[in-house]
Amino acid sequence: QIKHSSTNQVWGARKASTAGTKHDPMMELWADWYTILQAKHVLHTHSDFSLSAIHWRQTDSKTLFGTKMEGSELVLDLIDEPWRRDEVMIPLVDREGDGLANCRDIDL
């Protein structure tokens, strides 16, 4: 079962709660990915879904790991993305040649 966060619609094993309209779940997922891609700042829990859009665009972002105490104050526990911490991954938009080894040339 999949629940779309912004429309509160559910798809999957149970009857869809789409209020009489038919929605394409793949289109809803694409809309979520595109929204992340266009954002100026993103706080997110760890997922390859959000990381793919963030890494593609090099969006200012942090991964939320939970909360922690700083003195007597409860604050968000945020860390930088893996490629910023490790400096291993070249942003997808900057890759050329061998950096695109897993991509195929496509004539559009």
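**Notebook: surface, fold and an aromatic cluster**

I began with the surface of this predicted model, and the accessible surface of the protein chain comes to about 8600 Å², with 54% of that belonging to carbon and sulfur atoms. I then looked up burial, and found that buried residues make up 21% of the 108 residues in the chain.

Next I read the fold along the sequence: the chain has 3 helices and 5 strands, and they follow the pattern β-β-α-β-α-β-β-α. Of the contacts with a separation of 6 or more, 20% are accounted for by residues 24 or more positions apart.

I turned to strand 4 (residues 60–70) and strand 5 (residues 73–79), which pair in the antiparallel sense over 7 bridges. Met 69 stands opposite Leu 74 in strand 5, and the hairpin has 2 residues between the strands, with Gly 71 taking a positive phi near 70°.

I searched the whole structure for aromatic pairs and noted 2 of them. The first entry is Trp 30 with Trp 33, whose ring centres are 5.4 Å apart and whose planes stand at 20°, so this pair is stacked. These two residues are 3 apart in helix 1 (residues 25–38), which separates them by about one helical turn. I checked their cover as well: Trp 33 is buried, with a relative accessible area of 17%, whereas Trp 30 counts as partly exposed at 45%.

The other entry is Trp 30 with Tyr 34, where the ring centres are 6.1 Å apart and the planes at 35°, so I recorded the pair as tilted. Both lie in helix 1, 4 residues apart, and Tyr 34 is partly exposed at 41% relative accessibility. Ring pairs thus link Trp 30, Trp 33 and Tyr 34 into a cluster.

Terms used: Residues are numbered from 1 along each chain as its sequence is written. This is a predicted model: local features need pLDDT of at least 70, side-chain atom pairs count only at pLDDT 80 or more; totals for chains, interfaces and linings use all residues. Side-chain values use heavy atoms; hydrogens and water are left out. Two strands pair if DSSP finds at least two bridges between them. Buried means under 20% relative accessible area, exposed over 50%, partly exposed in between (1.4 Å probe, protein chains only). Contact means heavy atoms within 4.5 Å. Accessible areas come from the Shrake-Rupley method with a 1.4 Å probe; for residues, only the protein chains shown count as cover. Rings of Phe, Tyr and Trp (its six-membered ring) pair if their centres lie within 6.5 Å; planes under 30 degrees apart count as stacked, over 60 as edge-to-face and the rest as tilted.
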